[in-house]
Amino acid sequence: MKRQQPAEPHAPLRPEDLADIDIFCDALWLEDGLAKTTLDSYRMDLSALARWLGTEQRPALLQASEADLLAFVARLSREKKATSQSRYLSSLRRFYRWQVSRGRLAADPTGRLSRPVTPGRLPKVLSEAQVEALLQAPDLDTPLGQRDRAMLETLYATGLRVSELVGLKLHEIGFNEGVVRVMGKGSKERLVPLGEEALEWLRTFIQEGRAQLLADRPCEAVFVTARAAPMTRQMFWTLIKGYATRAGIAREQLSPHVLRHAFATHLLNHGADLRVVQLLLGHADITTTQIYTHVARERLKRLHGVHHPRG
């Protein structure tokens, strides 16, 4: 779903604002190696502010005051959920702090802006039986079905982000070592075990289904379409929804990272160490991983209530 902008989405940007956004995004790419999708998010949020400043006859981005930004945030609070407001504020803070760090601004106008209170949300997680039904959903008599089964098995075995899965290259799979090399957020590389089941499905797809789909056409991506092009995140999300319906999984239990969440929660349910799960998921901060302990704890409470004689 495309984000709604808090200002006229097609209003032209002032040249100085466009230049300042380009300089900032280029610097993030060069210095931090951020992914294109992350840079696009920064660009989209900053462009929304710049357009709003322009339509309200307010100063350009680098001349905007704390009062200007407070007025923008006030508009966001009337139109956006707290999570969206928080994302915009994070983008603005990073932009203006970067300007101060480079001497392009004397003071940060976002310094006293408060972050909205966001309700805690637990990730949507499937049971092990539901995951098994989802894995069984593709038609293995077709090359596309072999591909989809291999993708689902790989996701559940590794907990990769969908963007990491569709970006996977052949040379990044170590069949002898049983691992996959992943380039995650911030260009941070990690090695993740695949497990025998996922390895076997990958071997089958690469030797059979993938060869049929490519028909001698070149492509480095592991998971390809009938047009010999890499799979996209959007296409994979569409596939997940279709297979979930076939597996009898309710729509409200779905999310683009449903198998990543299941991977983490099921590992913890079976006694995995939280630090290990953090490394496997590629989380920079363990607090990001800790949300899965809450999911596992809630499941244990339900099991206790059902099975304990005094539950």
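The paragraphs below describe how helices pack and how nonpolar cores are built in this predicted model.

A useful place to begin is the pair formed by helix H3, residues 66-79, and helix H4, residues 82-101, which pack at an angle of about 160° with their axes 10 Å apart. Since angles over 145 degrees count as roughly antiparallel, H3 and H4 are therefore roughly antiparallel to each other. The crossing in which H3 passes H4 is right-handed. On the H3 side, the residues that meet the partner helix are Leu69, Phe72, Leu76 and Ser77, while H4 brings Gln85, Tyr88, Leu92 and Tyr96 to the contact. Sorted by class, this contact of H3 with H4 comprises six nonpolar and two polar residues, with no charged residues.

Further along the chain, attention turns to the nonpolar cores. The largest nonpolar core has 50 residues, and Leu134, Phe223 and Phe236 are those with the most contacts inside it. At least two residues of this core come from each of helix H5 (128-135), helix H6 (143-158), helix H7 (162-166), strand S2 (179-183), helix H8 (196-214), helix H9 (233-246), helix H10 (258-269) and helix H11 (274-281). Of the elements supplying this core, H8 gives the most, with eight residues.

The surroundings of phenylalanine 236 can also be followed residue by residue: leaving aside its neighbours within four places in sequence, phenylalanine 236 is in contact with Met151, Leu152, Leu155, Val162, Leu165 and Met231. Apart from the core described above lies another core, of 28 residues, which includes Leu28, Ala50, Trp52 and Ala64.

Methods:
Residues numbered from 1 in each chain as written. Predicted model: local features only at pLDDT ≥ 70, side-chain atom pairs only at ≥ 80, totals over all residues. Heavy atoms only, no water. Axes fitted to C-alpha atoms, helices over the stretch in contact; angles between N-to-C directions. Helix = DSSP H or I, 4+ residues; strand = E, 2+ residues; numbered from the N terminus. Parallel < 35°, antiparallel > 145°, perpendicular 65-115°, else oblique. Left-handed = near helix turned anticlockwise from the far one by under 90°. Contact = heavy atoms within 4.5 Å. Nonpolar A, V, L, I, M, F, W, Y, C, P; charged D, E, K, R; others polar. Core = buried A, V, L, I, M, F, W, Y, C linked by side-chain atoms within 4.5 Å. Buried < 20%, exposed > 50% of the residue type's maximum accessible area, 1.4 Å probe, protein only.
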